[in-house]
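Dear colleague,

I am passing on the structure we spoke about, and below it you will find my notes on confidence and on the ligand site. Please read them alongside the coordinates.

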Amino acid sequence: MIRRCCSRSLQATAVGARLLYTASYAHPASLSHQPRTASFGFREVPEEEKERLVGNVFTSVASKYDLMNDIMSGGLHRLWKDRLVSKLRPFPGMQHLDVAGGTGDVAFRVLDAVYRCEQSGILKKSLDLEADDETRVHVCDINPAMLEVGKSRAKEKGLGKAKSLVWVEGDAEALCYNDNTFDGYTIAFGIRNVTHIDKVLSESYRVLRRGGHFLCLELSHVENPIFKQLYDFYSFSIIPSIGDLVANDKNSYQYLVESIRKFPRQEDFALMIRQAGFQKVDYENLVGGVVAIHSGYKL
Ligand SMILES: C[S@@+](CC[C@H](N)C(=O)[O-])C[C@H]1O[C@@H](n2cnc3c(N)ncnc32)[C@H](O)[C@@H]1O
């Protein structure tokens, strides 16, 4: 079953938060009644349009999404996600939220790490075995097609009925969870696709408990000029063609590579995370900045 975020009071809070955001960050365009825009790859589109366009991308590629990830990254995305989860240090009884969780790759790893933690005896007596029954990993994504693929994968892994895995259709910008709910929050290759990064960050801060860990894995910026030339060639000349061949969808993968270039650079994104309230913010570049893992704590 996929739960839908539809709590009225929470939506009211989200609307309130939106109004507050609009009031305090009013863009000059809004004062002159011009429509606000957001980048969809290299195109500027009205903000309301971006969510629909991104939705079309992921609905179109959902069934081939995991295969494409393996082909495009040569399997490296698996190691990047492993690294993300090793930084999270999952533990039995953990309440975790994986936002933009798509087909479940990160959530499966978090659960796997919890089980391994138990088997290796890290589970302390004081936690006892019931702690594992209380472990919850929520996969929250705005796109039902991606979640459906994730649920099928869960069944294949024997996790179809696992209480510890919860599938939720919801928006990263207006999460349907109470304040101070989670020990951990991850977002992998998701934040680049949202309309308002600041709202996603402030929502992640809100739902984390004190001491909670925020982690973001995202395609980022390569500094080395020679490597950058190679990477740009691969991105713009090869990836869209692979998308065409494998997923029959060149445009979605053209959007993917463009959206990476529009995403804030590592230092700028770290600053945004700090501005959302997180502390001890840092980041790690992998493969020369092809991807970066940003980390911060709610203290
Ligand atoms: C590139 S996929 C990443 C999926 C998964 N995290 C992974 O690493 O394989 C991006 C995901 O972000 C989701 N997404 C985009 N905008 C969102 C939003 N506002 N709220 C929640 N999910 C969103 C898409 O539906 C898609 O599943």
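**Confidence and ligand site**

The chain has an average pLDDT of 89, with 86% of the residues scoring at least 70, and please keep in mind that this is a predicted model. Two stretches call for caution: over residues 7-30 the pLDDT stays under 50, and the model has 20 contacts for them beyond four places in sequence, while residues 124-130 also have a pLDDT below 50, with three contacts in the model beyond near neighbours in sequence. Where pLDDT is low, the predicted coordinates should not be read in detail.

Turning to the ligand, it sits in the largest cavity and is surrounded by 17 residues, of which the closest are Tyr-65, Ala-100, Asp-141, Ala-172 and Ala-188. Sorted by class, this shell is made up of nine nonpolar, five polar and three charged residues.

Which polar atoms of the protein lie close enough to nitrogen atoms of the ligand to count as polar contacts, taking 3.5 Å as the limit? A polar side-chain atom of Asp-171 lies 2.9 Å from a ligand nitrogen atom, a polar backbone atom of Ala-172 is likewise 2.9 Å from a nitrogen atom of the ligand, and a backbone N or O atom of Ile-142 lies 3.3 Å from a ligand nitrogen atom. As for burial, the ligand has 590 Å² of accessible area on its own, and the protein covers 97% of that area.

With best regards

Notes:
Residues are numbered from 1 along each chain as its sequence is written. This is a predicted model: local features need pLDDT of at least 70, side-chain atom pairs count only at pLDDT 80 or more; totals for chains, interfaces and linings use all residues. Side-chain values use heavy atoms; hydrogens and water are left out. pLDDT is the predictor's confidence in each residue, from 0 to 100. Contact means heavy atoms within 4.5 Å. A residue is near a molecule or strand if one of its heavy atoms lies within 4 Å of it. A polar contact is a pair of N or O atoms within 3.5 Å; within protein, one must be able to donate a hydrogen and the other to accept it, and residues adjacent in sequence count only if both atoms are side-chain atoms. Accessible areas come from the Shrake-Rupley method with a 1.4 Å probe; for residues, only the protein chains shown count as cover. On a 1 Å grid over the protein atoms alone, a cavity is a set of points where a 1.4 Å probe fits but cannot get out, and a pocket is an open set with protein on both sides within 12 Å along at least five of seven lines; lining residues have an atom within 4 Å of a point. A molecule sits in a cavity or pocket if more than half of its atoms lie within 2 Å of its grid points. Ala, Val, Leu, Ile, Met, Phe, Trp, Tyr, Cys and Pro count as nonpolar, Asp, Glu, Lys and Arg as charged, and the others, Gly among them, as polar.
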